[in-house]
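Hi there,

Here is the structure I promised to pass on. Have a look at it first, and then read on for what turned up.

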Amino acid sequence: MRRALIAVAIVLLIQSFSAAQTPDRLEGRWVGFVEGLQGKQAAVATFKKEGDKYTGTITGLRPGMDASLKDIKIDGDKVTAKTEIETPQGNVAINYDFVVQGDTLKGKGEAEFNGQTYGFDFDLKRGGEAPTGPQPPPQPRREVPQPQQKQSLNYFVGQWTFKWVGRESPLGPAPREGTTTFTLRPDGKSLDVRTDGESDNAAFKESAVIAWDEATKMMTVSERLANGIQIQSKGDWRSPISIRFTVEPIKVKGQTVALKRIISVVAAHSFTITEELSENGGPFVRLGSAIYSKVGADK
């Protein structure tokens, strides 16, 4: 009996040692290419196993940028993960679906932005160095339909419904929703803006005046919020798909807040607003975002 127990122990020890020497099928460095909007680019993915979880990074979506892989899961030969990257229009999530077979890792990354879906095809092999020799000739850049609304105050004229989702701040309550009406003044170069909204079952009103310089594609905006706070800003609309605002510092109850705001022109009947806030010189953090839809628009 003693000899039998010793034999079983030896077998278990050998099996344990063999399992420890067997490399994880995903962990390690994977090198190859990704093909997307910029054509074919070198790409590197790395995975590390910590306990029963994985961490990792991936390159190739932007030159010189390593993106952290999150929520990495492996089920048989299928691997899923995601990253989040910052863009001038806000954070964009990319979801990955890979298949690992031996020394190859192939799959797709997919992102949805402003109602459009963008795909990236990955073809990676285990180990090795990132490609440094001559690269394949760049592929013609894919033409992706982009909203090309004419930069004009007429884009805004009319009534829009909105829903703003985010956190409460010194600038106002959250969430909130309502309607905003843009009316063109007789001079044709400025808009009167009136907002009638509701937050926490309480009604509020806000107003603004927007002046437009056709030559420079710049807006000058003066706003009065429901709580009486005045906001002065300038909007750069040289890009047909977004308006980037520079906002003057705002004094609120003895503190100074700074606001970042971007309007993304989605379509003739829809635009979004993304805002970030800094309080007393602190870092900018996400404040909230809103979707505006034009009333009566033929979609």
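Leaving aside its neighbours within four places in sequence, which residues is Ile 250 in contact with? They are Leu 171, Ile 229, Gln 230, Ile 231, Gln 255, Thr 256, Val 257 and Leu 259. Please keep in mind that this is a predicted model.

**The overall picture**

The protein has 299 residues, and 36% of them are buried. Its elements are 1 helix and 19 strands. If you take the contacts between residues at least 6 apart in sequence, 39% of them join residues at least 24 apart. The accessible surface is about 17700 Å², with 53% of that belonging to carbon and sulfur atoms.

**The nonpolar cores**

Ile 250 turns up again in the largest nonpolar core, which holds 36 residues. Together with Phe 156, Leu 171, Ile 210, Met 219, Trp 237 and Phe 271, Ile 250 is among those that touch the most other members. Apart from this core lies another, made of 27 residues, including Val 34, Ile 58, Leu 61 and Ala 81. As background, nonpolar side chains in soluble globular proteins tend to be buried together.

One of the contacts of Ile 250 deserves its own look: Ile 231. You will find Ile 231 in strand 14, which covers residues 230-236. Is Ile 231 buried or exposed? Its relative accessible area is 1%, and the cut-off for buried is under 20%, so Ile 231 counts as buried. Beyond its neighbours within four places in sequence, Ile 231 is in contact with Val 221, Ser 222, Glu 223, Leu 225 and Val 247, as well as with Ile 250. Leu 259 is 28 residues away from Ile 231 along the chain, and their C-alpha atoms are separated by 9.6 Å.

**The second largest pocket**

This pocket has a volume of about 650 Å³. Its lining is made by 36 residues, and those nearest the centre are Glu 206, Glu 223, Arg 261, Ile 273 and Tyr 292. Glu 223 is thus a name you have met already, as a contact of Ile 231. Which elements give two or more residues to the lining? They are strands 9 (158-166), 10 (176-184), 11 (190-199), 12 (202-213), 13 (218-224), 17 (255-267), 18 (270-279) and 19 (285-294). Strand 12 provides the largest share, with 5 residues. By type, the lining divides into 23 nonpolar, 6 polar and 7 charged residues.

**Some backbone details**

Most residues other than glycine have a negative phi, and most peptide bonds are trans. Three places here are worth viewing with that in mind.

- The peptide bond from Ala 174 to Pro 175 is cis, with omega near -10 degrees. Pro 175 sits in the loop between strand 9 and strand 10.
- Asp 200 is not a glycine, yet its phi is positive, near 55 degrees. The loop between strand 11 and strand 12 is where Asp 200 is found. With 61% relative accessibility, Asp 200 counts as exposed.
- Lys 217 is also not a glycine, and its phi is positive at about 60 degrees. Lys 217 lies in the loop between strand 12 and strand 13. Its relative accessible area is 21%, so Lys 217 is partly exposed.

If you open the model, Ile 250 and its contact Ile 231 make a friendly starting point.

Best wishes

Terms used. Residues are numbered from 1 along each chain as its sequence is written. This is a predicted model: local features need pLDDT of at least 70, side-chain atom pairs count only at pLDDT 80 or more; totals for chains, interfaces and linings use all residues. Side-chain values use heavy atoms; hydrogens and water are left out. On a 1 Å grid over the protein atoms alone, a cavity is a set of points where a 1.4 Å probe fits but cannot get out, and a pocket is an open set with protein on both sides within 12 Å along at least five of seven lines; lining residues have an atom within 4 Å of a point. Grid points are joined across faces, edges and corners, and a volume is the space filled by probe spheres set on the points. Helices (H or I, at least four residues) and strands (E, at least two) are DSSP runs, numbered from the N terminus. Ala, Val, Leu, Ile, Met, Phe, Trp, Tyr, Cys and Pro count as nonpolar, Asp, Glu, Lys and Arg as charged, and the others, Gly among them, as polar. A nonpolar core is a set of buried Ala, Val, Leu, Ile, Met, Phe, Trp, Tyr and Cys residues joined through side-chain atoms within 4.5 Å. Buried means under 20% relative accessible area, exposed over 50%, partly exposed in between (1.4 Å probe, protein chains only). Contact means heavy atoms within 4.5 Å. Accessible areas come from the Shrake-Rupley method with a 1.4 Å probe; for residues, only the protein chains shown count as cover.
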